[in-house]
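Work through the exercises below with the structure in view. Try each task before reading its solution.

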Amino acid sequence: MSKVPDSLKPFLKEVSASLREKTYQKLILSRPLSNNEQVPTKVTVRPVLIQEEIHYQWVERVGPRELHQNLSADQLIQRVPSILGTLLGDARLFTSEAEICARYKGRGHFQMHRAKSQSLGSEPEAHNREKNYIIPPNEPCPFLAKAGIMSADGRVKAPMYHKFRQINRYLELIRDLKGTLQKPGSLRVVDYGCGKSYLTFALHHYLTVVEQRSVEMTGLDQRPDVIATCTAIADELQLTGLDFRVGQIVDLPIEGKIDLAVSLHACDTATDEALAAAVLREAQVIVAVPCCQHELRPQIRGESLSGLWKHGILAERFAADVTDALRALWLEQQGYQVQVIEFIELEHTPKNLAIRAVRVAKPSRESIRLAKERSQALKELCGITTTWLDRWDEQQVSAK
Ligand SMILES: C[S@@+](CC[C@H](N)C(=O)[O-])C[C@H]1O[C@@H](n2cnc3c(N)ncnc32)[C@H](O)[C@@H]1O
C-alpha cells in the first residue's frame, strides 16, 4: 500500500477510535476525482451484525451497480486510504459524538473538519420511533449494559443499535398478545435457541419490570459456553425466575404446559424444532422469527417453477417463503391461529419475518382440514416430498 499522507492520519485515527470505542455509526466516501465510469462514485460503510459479530458493510457504487463486501475493523482502516485521495475526494465519518470530515485538496494534502453530531447517542435516521420503545434508549438497563448493547448510563452503542431495535420490536410482538397471557400466577416461558440471550433477558425485563409479572423462564441452547455466560449474568444481576439449560430443543425435559414459547433466529430446522417443542407443551402463544433456510431448497423442482429455480437467489427466497408458509399451515393444523408478519424492516436484516401463533381453545375441524389441504397442495406444486415437521408428525404417531 502506498504511504498514507500525514494530513490524512488524524482522520484515520478518528475512524479507529470510533471503531474501538463503539461510537462508529457510518462512513461515507464521495466526490470522484476522475470521470472514469469504472471507478466508484460513492462508498457507504455501516456496521452490520453477522452471527452476532460486528462487521462493516462496504457498499461501493460503480455506475448503476452496487458492490457489497463485509470487512473487519482492521480491513476497513486499511481500505479507506487506498481509495481516499486517489479515487474519491471527500470522507464523512458519523459517530454518536461527532461528524468528522476530511477533504482532499490535491498534492497529497487533506483538510479535516469536525462538527458536533446532530444525533448524539441515537441511531442515524431513526426518526422518533425510539420514543415508543418498550425499553427506551438513554434509560440505563442493567442487562443491556452487561450485554454490551448500552453503556452503563443508558446510551445505546452505535453498532448495537440494530440489535437494540430488534429486541424492542420482538417485545412489541409479544406485548400485542398480552391479553392472551392474562392468567393468574407465574408465566411459564421458554426461549428456544437463546444464544447470548439478548431476547431472553429483554423478555424477562419486560414481563417482570414493565408488566410486573412473576415468571418461570428458561433459555435453552445447545452451546454450553453461551449457557454458562448467560447463567453468570443472570446470577450477577440477581434475576429471579430465570434459568438457562444446555440441550437440544426437542429434547428439553420440560414438564407440563407452557404459556409463551419464543425463538429468535434459531438456525434452519431449529425453528421447526422450536415450533414442535412448543406445540408439544401446548404453548398458549408462540412467537418465532426463522433464520436461514436450507431444508427445502434442494427439493423444490417441477417444470412449472423452472423460471424460479434457474436463478439461485429467487429459488432461495422462494424456498424460504414456502418453508414459512408450510410452518404456518402446520401450526393451523395443530389448532393455532397464525399470523405471518414483518419483524423488522428489510434494510436491517433479510430475516425479517415473524410467525406469531395463538392456541385456539376449540379449533374447528373445517379450519384444520383446510390447512391440511393447502399444505398438501403447496407441497405438490413445489415437488416437496418431506419436511422436518412431517417427519416429526410421523414420529409422534409411531410413538403412540
Ligand atoms: C443465530 S443464534 C440466535 C441466538 C438468539 N436467539 C438471538 O437471536 O440473539 C441461534 C442459536 O440457536 C442455537 N441452536 C441451533 N440449533 C439448536 C438446537 N437444535 N438446539 C438448541 N439450540 C440450537 C445455536 O447454538 C445458536 O446459539
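**Exercise 1.** Decide whether Cys291 is buried or exposed, then classify Cys267.

Solution. This is a predicted model.
- Step one: take the relative accessible area of Cys291, which is 16%. Buried means under 20%, so Cys291 is buried.
- Step two: turn to Cys267, with 48% relative accessibility. Exposed would need over 50%. Cys267 therefore counts as partly exposed.

**Exercise 2.** Find how many disulfides the structure holds.

Solution.
- Step one: search the whole structure; the result is zero disulfides.
- Step two: check Cys267, whose nearest cysteine sulfur belongs to Cys291, 5.1 Å away. A disulfide needs the sulfur atoms within 2.5 Å, so Cys267 is in no disulfide.

**Exercise 3.** Identify which residues come nearest to the ligand, and describe their polar contacts.

Solution.
- Step one: list the nearest of the 17 residues around the ligand: Gly193, Asp221, Gln248, Ile249 and Leu264.
- Step two: look at side chains. Asp221 places a polar side-chain atom 2.7 Å from a ligand oxygen. In Gln248, a side-chain N or O atom is 2.9 Å from a ligand nitrogen.
- Step three: look at the backbone. Ile249 has a backbone N or O atom 3.1 Å from a nitrogen of the ligand.
- Step four: consider cover. The ligand alone exposes 600 Å², and the protein buries 90% of that.
- Step five: sort the shell. It holds six nonpolar, six polar and five charged residues.

**Exercise 4.** Say where pLDDT stays under 50.

Solution.
- Step one: start with the chain, which averages a pLDDT of 87. At least 70 is reached by 92% of the residues.
- Step two: locate the stretch under 50, which is residues 118–130.
- Step three: read with care, because low-pLDDT coordinates should not be read in detail.

Notes: Residues numbered from 1 in each chain as written. Predicted model: local features only at pLDDT ≥ 70, side-chain atom pairs only at ≥ 80, totals over all residues. Heavy atoms only, no water. Near = heavy atom within 4 Å. Polar contact = N/O pair within 3.5 Å; in protein donor to acceptor, adjacent residues only side chain to side chain. Areas by Shrake-Rupley, 256 points an atom, 1.4 Å probe, with all protein chains shown as cover. Nonpolar A, V, L, I, M, F, W, Y, C, P; charged D, E, K, R; others polar. pLDDT = per-residue confidence, 0-100. Contact = heavy atoms within 4.5 Å. Buried < 20%, exposed > 50% of the residue type's maximum accessible area, 1.4 Å probe, protein only.
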